[in-house]
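Got the viewer open? Here is a short walk through the model, one selection at a time.

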Amino acid sequence: MADIFKIVKIEEPDFGCEGVPEGELIRDEVTILGQNGKEFIMRVEDKLLYEKDLNEGDSFMIDESGNMVKI
C-alpha cells in the first residue's frame, strides 16, 4: 500500500509590488505530514496544486509515475 501524506501548510512566495519575474515558475513551500508523524517541506508548483485541487488539510499519495494524487 502506498504512503499517504497530509498537507499541513501551503506558503506562497511574496514577490512584492514587482510581481512574478517573467518566465519564473511559482513554487510554494508545502509542509507535509508523513504517516510516520514527521513533517517535511516540499517545493511544489503553485499551478499543480490548483490543477490537482490540493489544499491545506488534504491527503494525497504519490503514484507510480511520481504524481501527487488527492485522496
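Before the first click, one cut-off to keep in mind: a residue is called buried when its relative accessible area is under 20%, exposed when that is over 50%, and partly exposed in between. Also remember that you are looking at a predicted model.

**Stop 1: Asp58**

Select Asp58 and find the loop between α1 and β4. Is Asp58 buried or exposed? Its relative accessibility is 16%, and because buried means under 20%, Asp58 counts as buried. Now show what surrounds Asp58: setting aside neighbours within four places in sequence, it is in contact with Phe5, Lys6, Ile7, Asp53 and Lys70. Keep the last two of those on screen, as Asp53 and Lys70 come back at the next stop.

**Stop 2: Lys70 and its partners**

Add Lys70 to the selection and look at the side chains. Asp58 and Lys70 form a salt bridge, with 3.4 Å from N to O. Asp58 sits in the loop between α1 and β4 while Lys70 belongs to strand β5, so this pair ties together parts that are 12 residues apart in sequence. The two side chains also make a polar contact, again at 3.4 Å.

Next, bring in Asp53. Its side chain meets that of Lys70 in a salt bridge of 3.1 Å, N to O. Which parts of the chain does this pair tie together? Lys70 is in β5 (residues 68-70) and Asp53 is in the loop between α1 (46-52) and β4 (59-62), so the link joins parts that are 17 residues apart in sequence. Colour by accessibility if your viewer allows: Lys70 is partly exposed at 35%, and Asp53 is partly exposed too, at 43%. Show the three residues together and you have a network of salt bridges linking Asp53, Asp58 and Lys70.

**Stop 3: Lys9 and Glu11**

How many salt bridges are there in the model? The count comes to four, and another one to pick out is between the side chains of Lys9 and Glu11, at 3.3 Å from N to O. Lys9 has a relative accessible area of 38%, which makes it partly exposed. Glu11 is partly exposed as well, with a value of 38%.

**Stop 4: Ile4**

Move on to Ile4, in the segment before β1 (5-11). With 28% relative accessibility, Ile4 is partly exposed. What does Ile4 touch, once residues up to four places away in sequence are left out? Light up Leu33, Gly34, Gln35, Ser59, Phe60 and Ile71 to see its contacts. Then try the distance tool from Ile4 to Arg43: these two are 39 residues apart in sequence, and their C-alpha atoms are 18 Å apart in space.

**Stop 5: the β2 and β3 hairpin**

For the last stop, switch to a cartoon view and select residues 27-33, strand β2, along with residues 39-45, strand β3. They pair in the antiparallel sense over seven bridges. To see one of the pairings, click Asp28: its bridge partner in β3 is Val44. Then look between the strands, where the hairpin has five residues. Pick Gly37 in this hairpin and check its backbone: Gly37 takes a positive phi near 85 degrees.

Notes. Residues are numbered from 1 along each chain as its sequence is written. This is a predicted model: local features need pLDDT of at least 70, side-chain atom pairs count only at pLDDT 80 or more; totals for chains, interfaces and linings use all residues. Side-chain values use heavy atoms; hydrogens and water are left out. Buried means under 20% relative accessible area, exposed over 50%, partly exposed in between (1.4 Å probe, protein chains only). Helices (H or I, at least four residues) and strands (E, at least two) are DSSP runs, numbered from the N terminus. Contact means heavy atoms within 4.5 Å. Two strands pair if DSSP finds at least two bridges between them. A polar contact is a pair of N or O atoms within 3.5 Å; within protein, one must be able to donate a hydrogen and the other to accept it, and residues adjacent in sequence count only if both atoms are side-chain atoms.
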